[in-house]
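The following paragraphs lead through one protein model, beginning with a helix and moving on to sheets, loops and a pocket. Please keep the sequence and the structure in view while reading.

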Amino acid sequence: MDAFICTACGTQYPPSQTPPERCPICEDERQFIPPTGQSWTTQERLALSHVNGWLEYEPGILGIATRPRFAIGQRAVLLCTEHGNVLWDCISMLDAATVTLIKALGGIQAIAISHPHFHTSMTDWGRAFDAPVHVHADNRDWIMRSDGDLRLWQGDTLQLLPDVTLIRGGGHFPGSSMLHWAKGAGGRGVLCASDTAYVVNDRKHVSFMWSYPNLLPLGAREVQAIATALQPFAFEMMLGNFFESVIRTGAKQAFERSVARYLSAIGSNGAQ
Ligand SMILES: [Zn+2]
Ligand SMILES: [Zn+2]
């Protein structure tokens with residue numbers, strides 16, 4: 001039996017004889033059903049036409065994304081820390097080359113996922129590297145395949161490793177999370193923000209949406225909650241969720257500037 005993968009959002013479902021009838025992740029208003037309808041693939045089929053590409057942001061921080069672009073175009077990040085390797089977010093395709101290369105880099109000690117648009121094939125990745133998969137409990141309703149070593153975490157932060165913290169920002173999804181690596185960027189800090197704060201095209205600002213494909217924005221209160229969650233954390237570099245979405249320097253200031261710009265654009269004076 002195959003574990004079918006939705007080609008629109010990249011979510012993998014439990015093994016079945018036939019593809020699922022629906023994809024609740026796509027049916028949710030934060031995603032969409034393509035006008036051509038829902039279609040499905042498998043790891044085996046995907047590997048016939050796609051490869052995983054790599055991008056080094058700096059030594060110890062590698063982006064991994066499928067090429068040609070697949071599903072939402074998600075990019076995972078492999079952080080090689082002195083306490084072990086962490087996979088932040090996940091992508092659907094996991095082929096033999098990817099397993100071989102990551103094992104040569106020391107494998108993966110923990111996987112952490114920002115929100116349902118990156119649940120993808122997290123079960124396959126967790127199994128291949130014998131790594132637990134951390135998902136915020138507030139996003140549990142969107143877990144479509146739960147037969148791996150899944151660890152639901154609660155609250156506002158989780159210390160994953162001595163210098164790696166998961167931070168719940170909420171907004172896009174109730175459990176939307178970010179990852180902070182204190183020792184990244186030469187000790188000045190790296191923030192992986194995924195869709196909680198979205199790195200925009202100038203790579204100098206971020207923005208905030210409840211639904212990115214349907215352009216439904218977040219309210220002032222949610223954006224201020226994300227800013228409050230990040231207040232204690234210093235970061236020089238910030239990674240969004242595609243290969244190219246990166247703010248390389250001055251990211252904390254860029255984030256703060258962007259919060260002010262966003263609140264002004266939606267007509268909020270910033271007061272709660
Ligand atoms: Zn889908
Ligand atoms: Zn998303």
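**A walk through the predicted model**

In helix H6, the residues Ala220, Val223, Gln224, Ile226, Ala229 and Leu230 are buried. The structure discussed here is a predicted model, and the values below are computed from it. An α-helix has 3.6 residues a turn, so residues three or four places apart point the same way. The cover over the buried residues of H6 includes strands S11, S12 and S13 together with helix H7, which spans residues 251–265. H6 itself comprises residues 220–230 and lies across S11 (164–168), S12 (177–181) and S13, its direction running at about 160 degrees to that of S11.

The three strands under H6 lead to the sheet in which they take part. This sheet is open and consists of six strands in the order S10-S11-S12-S13-S18-S19, with mixed pairing. Strand S10 (157–161) and strand S19 (246–247) stand at its edges, and because each has a single partner strand, one side of each is left without a neighbour in the sheet. Within the sheet, S13 pairs with strand S18 (residues 237–239) in the parallel sense, over three bridges, and Cys192 has Leu239 in S18 as its bridge partner.

A further sheet is built from seven strands, which form an open arrangement in the order S3-S4-S5-S6-S7-S8-S9, again with mixed pairing. Here the edges are taken by strand S3 (51–58) and strand S9 (150–153); each has a single partner strand, so one side of each is left without a neighbour in the sheet. On average, and with direction ignored, neighbouring strands of this sheet are turned by 25 degrees against each other. Helix H3 (residues 96–104) packs on the sheet, where it touches S3, S4 and S5, and its direction makes about 30 degrees with that of S3.

How do the individual strands of this sheet pair? Strands of a sheet pair through backbone hydrogen bonds, either parallel or antiparallel. S3 and S4 run antiparallel and are joined by seven bridges, with Trp54 standing opposite Ile64 in S4. These two strands form a hairpin with two residues between them, and Gly60 in the turn has a positive phi of about 95 degrees. Further along the strand order, S6 (residues 84–88) and S7 (residues 110–112) run parallel and are joined by three bridges; in this pair, Trp88 stands opposite Ala112 in S7. S7 is also joined to S8 by two bridges, and these strands again run parallel, with Ile111 standing opposite Val133 in S8.

Strand S8 shows where its side chains go on either side. Val133 and Val135 point one way from S8, whereas His134 and His136 point the other way, and all of them are buried. The loop between helix H4 (122–128) and strand S8 (133–136) holds Asp130. With a relative accessible area of 72%, Asp130 lies over the 50% limit and therefore counts as exposed. From C-alpha to C-alpha, Asp130 and Ala110 are 8.8 Å apart in space, while 20 residues separate them in sequence.

Several loops deserve a look at their backbone. The peptide bond that joins Arg67 and Pro68 is cis, with omega at about -10 degrees, and Pro68 lies in the loop between strand S4 (61–67) and strand S5 (75–81). Ser194, which is not a glycine, nevertheless has a positive phi of about 50 degrees; this residue lies in the loop between strand S13 (190–192) and strand S14 (198–199). Phi is also positive in Arg203, near 55 degrees, and this residue too is other than glycine. Arg203 is found in the loop between S14 and strand S15 (206–207).

Is each of these two residues buried or exposed, or does it fall in between? Ser194 has 0% relative accessibility and therefore counts as buried, whereas Arg203, with a relative accessible area of 42%, is partly exposed.

The last stop is the empty space in the model. Rolling a probe the size of a water molecule over the atoms shows where empty space is left. The largest pocket has a volume of about 290 Å³. It is lined by 18 residues, of which Ile72, Tyr198, Tyr212, Pro213 and Phe242 are the closest to its centre. Sorted by class, the lining of the largest pocket comprises 11 nonpolar, five polar and two charged residues.

Definitions and conventions:
Residues numbered from 1 in each chain as written. Chains lettered and ligands numbered in written order. Predicted model: local features only at pLDDT ≥ 70, side-chain atom pairs only at ≥ 80, totals over all residues. Heavy atoms only, no water. Helix = DSSP H or I, 4+ residues; strand = E, 2+ residues; numbered from the N terminus. Buried < 20%, exposed > 50% of the residue type's maximum accessible area, 1.4 Å probe, protein only. 1 Å grid on protein atoms, 1.4 Å probe; cavity = no way out; pocket = protein on both sides within 12 Å on 5 of 7 lines; lining within 4 Å. Points joined across faces, edges and corners; volume = space filled by probe spheres on them. Nonpolar A, V, L, I, M, F, W, Y, C, P; charged D, E, K, R; others polar. Pairing = 2+ DSSP bridges. Axes fitted to C-alpha atoms, helices over the stretch in contact; angles between N-to-C directions. Contact = heavy atoms within 4.5 Å.
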